[in-house]
Amino acid sequence: MPATTTFEIHPAIGVARAGNSPDLFVGPEPGMPAPPKYRDAGGALLRQAARFRIFRCTRAADGTLRSATEVTTDQAHIEWTVHLANRKGASPEFPPAPSKAPLAGGRVRNAGHANRAELVIDPGPRTLTGPGAGAAFDTGSFLGTTVPLGETRTDAGGRLVVVGGFGASGSSPRGVAAPITHFANNDNWFDDMSDGPVTATVRMGTARRAVKAKPAWVIVAPPDFAPAITNFVTLYDVAFQAAVTRGWRAVPDPVSFTRHVQPMLQRAVGYQWVLELGRRGHGPSSGFGDFASRWASLADPSPGAAAGRQFVLGVLRDPAQPLDDADPDLGMMPRLHHTDYATNPNHVLRPTAVQYEVLRRWAAGQFVNDLDHPPADVELLPDALDRVSLQACSGGPFFPGIEVGAVMADPATYSEPFRVDAGAHQPGELTAGNAVPWQADFLACSVDAQAQLGWWPAQRPYQVFPTPAAASSVFWDRGVSGYRGMVSQWHELGVVVEARRRDGTAVFVESERRRLT
């Protein structure tokens with residue numbers, strides 16, 4: 001089969017994040033530095049915008065990207081359409097039935113409201129043409145209360161920028177203090193998280209024939225309060241696994257230490273800055289788990305170094321093995337809950353099958369030691385945009401999820417690698433199962449002290465270091481008073497960023513924390 005050339009939108013899945021500031025920053029994108037500050041001049045938390053571009057892509061018969069050229073308004077007439085919606089209030093309660101846990105029993109949220117359409121915040125699609133255009137998603141409502149979901153605009157080159165809401169949550173009708181009693185299901189509550197398709201029509205050349213680009217999807221999520229810390233399992237890992245399951249991608253071969261193994265181990269090390277459990281397992285003086293002090297031996301494929309590699313593999317859960325809750329995963333990593341918490345609460349989050357196979361080959365010595373000579377980066381920009389966008393998101397546990405739910409682990413969700421099947425999903429469907437209001441789960445999903453397992457510390461820190469010189473950590477959400485406190489105080493919490501101690505050592509510390517009121 002010959003190569004094919006099509007117009008494609010990238011990132012295939014873009015992620016915007018809430019903030020209470022009218023200002024924004026774009027990211028993350030390949031090679032783009034983090035913003036110098038995460039707050040505006042008045043102290044409000046910046047919103048993170050997702051930027052979409054159109055590329056003319058040539059792919060081989062196996063789907064591999066061979067060449068890509070960005071298309072801007074200098075070469076073409078571009079018409080964008082975005083459709084954001086929030087379906088949380090009309091979705092099933094979480095966790096869905098069947099479940100052994102008596103948390104939901106298969107009921108729906110707001111079961112007393114017969115008109116389910118009144119529970120869906122759907123302002124409809126917005127279409128933009130040419131550079132400098134803009135539109136707001138400000139006409140959707142929840143039980144008669146208008147709930148803005150953000151806005152969209154085009155830049156000077158005709159690229160699309162989608163900005164989500166302000167993280168606002170409330171109960172309807174206004175003035176009625178509806179209770180918050182559950183981490184995920186709270187009737188009469190709404191928030192301004194959302195998701196939906198991004199489509200584009202391109203007209204090039206003298207004929208100006210309209211060609212539809214491959215569509216993308218945008219997810220509007222809560223803030224990432226530790227943007228420099230990466231999840232052990234990212235949403236990119238989950239989507240890549242789905243692509244392998246569908247036969248669109250394969251396990252990397254050969255396995256490179258610097259490209260495939262070291263980044264996973266580095267993620268485990270990073271948890272030490274947002275979770276004391278991570279510091280005990282991977283911080284200085286933690287024993288073999290202090291991977292950062294032993295890269296040379298971990299990159300050694302010789303039989304003499306095999307014991308260390310096998311040890312690391314042994315503290316990971318094999319995703320192919322059945323769960324046995326009578327045998328909790330004590331001493332295993334990462335110290336995060338398994339997605340199936342309702343029926344198997346004592347197990348750690350497992351890597352994807354692809355991640356585990358990469359580490360299995362590494363443990364067996366079947367990898368390339370390129371620590372001293374990392375391979376050249378040959379990734380083309382569209383692929384890099386897809387990867388960077390999703391690597392900044394959590395790939396689990398999906399209970400129910402922080403950016404998006406377990407639907408992303410279902411291979412049927414996608415029409416091709418990393419691209420949501422826009423013909424099979426409604427706007428708002430991918431985030432519909434997440435907590436409402438989002439702040440309830442944000443407060444509740446910190447750390448299970450009894451099981452010694454956390455949830456999403458790379459987005460929602462648990463313990464942080466307040467200064468570079470601090471010898472001990474403090475609770476990140478200190479000063480927040482219950483569910484309603486998180487609803488009103490979330491934007492005052494600190495952001496974990498890289499800093500330097502006096503001796504030049506790199507550390508990650510809490511910054512820009514406001515006085516909680």
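**Exercise 1. Is Phe418 buried or exposed?**

Start with the ground rules. This is a predicted model, where local features need pLDDT of at least 70, side-chain atom pairs count only at pLDDT 80 or more, and totals for chains, interfaces and linings use all residues. Residues are numbered from 1 along each chain as its sequence is written, and side-chain values use heavy atoms, with hydrogens and water left out.

Solution.
- Step 1: take the cut-offs. Buried means under 20% relative accessible area, exposed over 50%, and partly exposed in between (1.4 Å probe, protein chains only).
- Step 2: take the value. Phe418 has a relative accessible area of 6%, so Phe418 is buried.
- Step 3: place the residue. Phe418 is in the loop between strand S18 (414-416) and strand S19 (419-420). Helices (H or I, at least four residues) and strands (E, at least two) are DSSP runs, numbered from the N terminus.

**Exercise 2. Find backbone values that stand out.**

Solution.
- Step 1: recall the background. Most residues other than glycine have a negative phi, and most peptide bonds are trans.
- Step 2: check phi. Phe418 has a positive phi, near 70°. Asn110 also has a positive phi, near 55°.
- Step 3: locate Asn110. This residue sits in the loop between strand S6 (76-82) and strand S7 (126-129). Asn110 is buried, at a relative accessible area of 1%.
- Step 4: check omega. The bond from Gly27 to Pro28 is cis, with omega near -10°. Pro28 belongs to the loop between strand S3 (24-26) and strand S4 (47-59). The bond from Met333 to Pro334 is cis too, with omega near -5°. Pro334 lies in the loop between helix H5 (306-314) and helix H6 (353-363).

**Exercise 3. Describe how H1 packs on H7, and H2 on H6.**

Solution.
- Step 1: choose the quantities. Two packed helices are described by the angle between their axes and the distance between the axes. Axes are lines fitted to C-alpha atoms, for helices over the stretch in contact, and angles run from 0 to 180 degrees between N-to-C directions.
- Step 2: set the classes. Under 35 degrees is roughly parallel, over 145 roughly antiparallel, 65 to 115 roughly perpendicular, and the rest oblique.
- Step 3: take the first pair. H1 (residues 235-245) and H7 (residues 381-391) pack at about 125°, with axes 6 Å apart. H1 is therefore oblique to H7. Leu235, Tyr236 and Ala239 of H1 contact Asp386, Arg387, Leu390 and Gln391 of H7. Contact means heavy atoms within 4.5 Å.
- Step 4: take the second pair. The axes of H2 (residues 257-270) and H6 come within 11 Å and cross at roughly 110°. So H2 and H6 are roughly perpendicular to each other. Residues in this contact include Phe257 and Val261 of H2, and Val358 and Trp362 of H6.

**Exercise 4. Classify the ring pair Phe399 and Trp455.**

Solution.
- Step 1: state the rule. Rings of Phe, Tyr and Trp (its six-membered ring) pair if their centres lie within 6.5 Å; planes under 30 degrees apart count as stacked, over 60 as edge-to-face and the rest as tilted. The count comes to 23 aromatic pairs.
- Step 2: apply it. The centres of Phe399 and Trp455 are 5.9 Å apart and the planes are at 25°, so this pair is stacked.
- Step 3: look at the sequence. Phe399 is in the loop between H7 and S18, and Trp455 in the loop between strand S21 (453-454) and strand S22 (463-464), so the pair ties together parts 56 residues apart in sequence.
- Step 4: add the surroundings. Phe399 and Trp455 are both buried. They belong to one aromatic cluster with Phe94, Phe183, Tyr341 and Trp456.
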